[in-house]
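Work through the following exercises with the model at hand, trying each task before reading its solution.

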Amino acid sequence: VKFEGGKLPSSIGGLIHLRFLSLFQAVISHLPFSIGNLKLLLYLDLDVAAEEPVYVPNVLKEMIELRYLSLPLFMHDKTKLELGDLVNLEHLWYFSTQHSSVTDLLRMTKLRGLSVSLSERYTFEAISSSLCQLRNLERLYFLFSLVTIMVDYVGELDLDFIHLKELGLGVRMSKIPDQHQFPPHLEHIDLYYCRMEEDPMPTLEKLLHLKSVKLTFEAFVGRKMVCSKGGFPQLRALKIYKHSELEEWIVEEGS
């Protein structure tokens with residue numbers, strides 16, 4: 001729905017027994033304070049199709065029953081969210097280090113899925129060391145923001161999360177981290193907008209549990225990619241998309 005003036009009606013706050021609310025791809029730029037009345041919500045999707053950055057009032061902290069929360073990808077500079085009381089969350093998408101504190105995440109010990117939009121406030125190393133305390137994490141995505149799109153994170157990435165099965169990296173890095181810096185039981189990896197100059201395959205093919213690899217939107221900007229014999233012993237799916245510089249792809253027999 002495209003809401004008039006980009007505003008969700010304040011009357012939404014009268015639906016106090018609501019458990020599920022999805023505004024996915026709705027055209028909204030302002031959320032009313034009354035949305036904080038929906039204290040019984042289990043599922044809230046605010047991944048809206050914003051024509052401008054979205055202002056979210058600091059009322060989500062009162063929805064302590066939430067299990068699933070997806071925030072707007074681009075929020076207004078004035079948005080500041082305290083989320084530390086949402087201790088029942090199992091999935092949190094588009095958490096922004098610009099608009100919330102990483103320390104809030106540490107109280108969400110039930111989190112199984114998380115995506116984080118990075119800002120200049122935290123180093124990657126500081127964030128990943130904090131997130132390592134979340135022992136139930138199985139899916140983790142790091143997203144660039146407009147602030148950090150030119151930052152090269154090579155050398156900062158330490159992703160040794162013991163239970164992680166799925167990892168997404170949408171951050172700039174001129175080369176992929178060493179294999180020992182990845183989670184030991186990783187099954188799925190999604191790389192996009194990384195602009196890696198070195199072929200990532202020699203490292204990825206050594207991650208023995210990988211079942212799927214996605215390289216999309218200029219994850220790799222080199223010209224030659226090689227999958228060598230004996231690599232990727234469990235791979236079932238490979239997606240290579242939007243790599244305009246790629247000229248040669250060698251797949252050795254037995255890869």
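**Exercise 1.** Determine which residues Leu 60 is in contact with, leaving aside its neighbours within four places in sequence.

*Solution.* Taking contact to mean heavy atoms within 4.5 Å, one finds Leu 44, Leu 46, Leu 69, Leu 71, Leu 81, Leu 83 and Leu 86 around Leu 60. Leu 60 is also among the residues with the most contacts inside the largest nonpolar core, which has 67 residues; such a core is a set of buried Ala, Val, Leu, Ile, Met, Phe, Trp, Tyr and Cys residues joined through side-chain atoms within 4.5 Å. A second, separate core of 5 residues includes Trp 93, Tyr 141, Leu 143 and Tyr 192.

The model is predicted, with local features needing pLDDT of at least 70 and side-chain atom pairs counting only at pLDDT 80 or more, whereas totals for chains, interfaces and linings use all residues. Residues are numbered from 1 along each chain as its sequence is written, and side-chain values use heavy atoms, leaving out hydrogens and water.

**Exercise 2.** Establish whether Ser 100 is buried or exposed, and find which backbone oxygen its side chain reaches.

*Solution.* Ser 100 lies in the loop between strand S4 (91-96) and helix H1 (102-105), these elements being DSSP runs numbered from the N terminus (helices H or I, at least four residues; strands E, at least two). Ser 100 counts as buried because its relative accessibility is 4%, the classes being buried under 20% relative accessible area, exposed over 50% and partly exposed in between (1.4 Å probe, protein chains only). Finally, the side chain of Ser 100 reaches the backbone oxygen of Leu 81 at 3.1 Å.

Note on methods: Polar contact = N/O pair within 3.5 Å; in protein donor to acceptor, adjacent residues only side chain to side chain.
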